Amino acid sequence: MTGLLLDDVSIRIPLPGTPRRWVHAADGVNLRVAPGEVTAIVGESGCGKSVLAQAIAGLLPAGTRTSGSIRLGSLDLLALSDATFQPLRGKRVGLIPQSAATHLTPVRTVGSTMAETLRLHGVRTGVDEVLADVGLPPGTAHRYPHELSGGMAQRVLVALTLALHPDVLVADEPTSALDPETTDLVLARLAEEARNGSAVVLITHDLVAARTVADTVGVMYAGRLLEVGPAATVLHEPRHDYAATLLAALPENGLRPAPGTPSSLVDPEPGVCAWHTRVGLACAPGPVATAADLVACVPAGRS
Ligand SMILES: Nc1ncnc2c1ncn2[C@@H]1O[C@H](COP(=O)(O)OP(=O)(O)OP(=O)(O)O)[C@@H](O)[C@H]1O
Ligand code: NI
């Protein structure tokens with residue numbers, strides 16, 4: 001199967017109003033998502049994880065400006081029109097969206113929506129079997145989306161996406177509404193999908209989930225990947241002080257919350273390091289973001 005190569009990806013989303021203001025949701029992101037691996041992207045709320053997921057799935061908001069490339073084989077996903085992207089969805093690129101419940105057709109039963117999607121993609125597995133894969137009982141198929149809990153809707157979307165076995169599977173907070181036992185089940189299914197050859201991107205702010213299944217971890221802050229490396233390194237001995245701050249907030253490390261508040265991504269001041277500005281520290285001298293394996297801070301506004 002084919003992996004994914006993000007090369008210098010920058011994403012600017014326009015805000016309504018004049019003068020025009022832009023959300024710098026991704027800035028110079030370099031990342032290789034290897035087939036056969038789970039790559040987790042971690043970071044606080046609002047750092048750009050979901051926008052990156054939308055970029056991979058070809059679902060960025062209208063008017064968004066992008067630069068760089070997202071290679072899947074010979075394709076550049078960032079450059080495709082909606083019409084060209086459409087046939088790739090499901091089998092080549094699958095997205096488990098963050099707000100699962102809103103992605104099910106409200107006027108149809110879950111089973112009817114699922115059966116149509118499976119048929120469309122030539123998958124012969126039955127609806128009940130797909131549901132059972134994530135521990136949902138057969139009766140789920142007869143329900144309408146409004147009759148499902150948030151966690152059940154999330155599991156339906158996970159099951160349906162997994163059933164298509166996409167080359168690239170992006171899971172955006174796929175366990176946010178699940179209890180610990182179901183979380184473990186879904187994470188195990190994602191890991192299994194990777195072992196079968198998919199390139200899996202797990203977007204989460206749950207470092208424990210990342211530690212459980214990820215092979216590679218990227219730490220994102222203010223639209224930038226500050227550190228990328230093997231999960232065992234990044235989640236135990238991080239080199240970037242932002243990653244260390246995230247780890248310090250884990251219960252086992254004393255629940256020390258990250259200081260300050262996350263930086264705004266709206267028209268950040270060029271040449272200013274968002275993280276060190278937040279914590280009121282001078283930037284450490286060192287290399288600036290050029291490689292995927294980055295250890296130093298990144299001047300904000302670099303594009
Ligand atoms: N459609 C949009 N229009 C304008 N700004 C947007 C849009 N979607 C996202 N943003 C902004 O882009 C930035 C990144 O948002 P994103 O949803 O990617 O964060 P996230 O890391 O996924 O957060 P969370 O963990 O809460 O899901 C935020 O500042 C957000 O307000
Ligand atoms: Ni800095």
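**Figure 1. V9 and its contacts in the predicted model.** In this predicted model, V9 touches A26, D27, G28, V29, S67, G68, S69, I70 and L78, leaving aside residues up to four places away in sequence. V9 belongs to strand β1. Its relative accessible area is 0%. V9 is therefore buried, a class that requires a value under 20%. The view also takes in N30. Along the chain, V9 and N30 are 21 residues apart, yet their C-alpha atoms are separated by 6.7 Å.

**Figure 2. H24 in strand β2.** Strand β2 covers residues 21-33, and H24 is part of it. H24 has 12% relative accessibility, so it counts as buried. A polar contact links the side chain of H24 to the side chain of R12, at 3.2 Å. R12 is also among the residues that H24 touches. The others are I11, A222, G223, L265, D267 and P268, again not counting residues up to four places away in sequence. One of these neighbours, A222, is the subject of the next view.

**Figure 3. A222, a non-glycine residue with positive phi.** A222 sits in the loop that runs between β9 (216-221) and β10 (224-230). Phi of A222 is positive, about 50°, although the residue is not a glycine. Is A222 buried or exposed? A222 counts as buried, because its relative accessibility is 6% and the limit for that class is under 20%. H24 of strand β2 touches both A222 and G223.

**Figure 4. H165 in the loop between α5 and β7.** Helix α5 spans 150-163 and strand β7 spans 168-172; H165 is found in the loop between them. Phi of H165 is near 45°. This is a positive value in a residue other than glycine. H165 has a relative accessible area of 43%, so it is classed as partly exposed. That class lies between the 20% limit for buried and the 50% limit for exposed.

**Figure 5. The cis peptide bond at P19.** Which two residues does the cis peptide bond join? The bond joins T18 and P19, with omega about -10°. P19 is placed in the loop between β1 and β2. The strands on either side of this loop appear in other views: V9 is in β1, and H24 is in β2.

**Figure 6. Polar atoms around ligand 1.** Three residues are picked out here by their distances to oxygen atoms of the ligand. A polar side-chain atom of S50 lies 2.8 Å from an oxygen atom of ligand 1. For C47, a backbone N or O atom lies 3.1 Å from an oxygen atom of ligand 1. For G48, a backbone N or O atom likewise lies 3.1 Å from an oxygen atom of the ligand. On its own, ligand 1 has 640 Å² of accessible area, and the protein covers 68% of it.

**Figure 7. The pocket and shell of ligand 1.** Ligand 1 sits in the second largest pocket. Two elements give two or more residues to the shell around it: β1 (4-15) and α1 (49-56). Helix α1 supplies the largest share, 3 residues. In total, 15 residues surround ligand 1. Which of them come nearest? They are S45, G46, K49, S50 and V51. Of these, S50 also places a polar side-chain atom 2.8 Å from a ligand oxygen.

Technical notes:
Residues numbered from 1 in each chain as written. Chains lettered and ligands numbered in written order. Predicted model: local features only at pLDDT ≥ 70, side-chain atom pairs only at ≥ 80, totals over all residues. Heavy atoms only, no water. Helix = DSSP H or I, 4+ residues; strand = E, 2+ residues; numbered from the N terminus. Buried < 20%, exposed > 50% of the residue type's maximum accessible area, 1.4 Å probe, protein only. Polar contact = N/O pair within 3.5 Å; in protein donor to acceptor, adjacent residues only side chain to side chain. Contact = heavy atoms within 4.5 Å. Near = heavy atom within 4 Å. Areas by Shrake-Rupley, 256 points an atom, 1.4 Å probe, with all protein chains shown as cover. 1 Å grid on protein atoms, 1.4 Å probe; cavity = no way out; pocket = protein on both sides within 12 Å on 5 of 7 lines; lining within 4 Å. Sits in = over half its atoms within 2 Å of the grid points.
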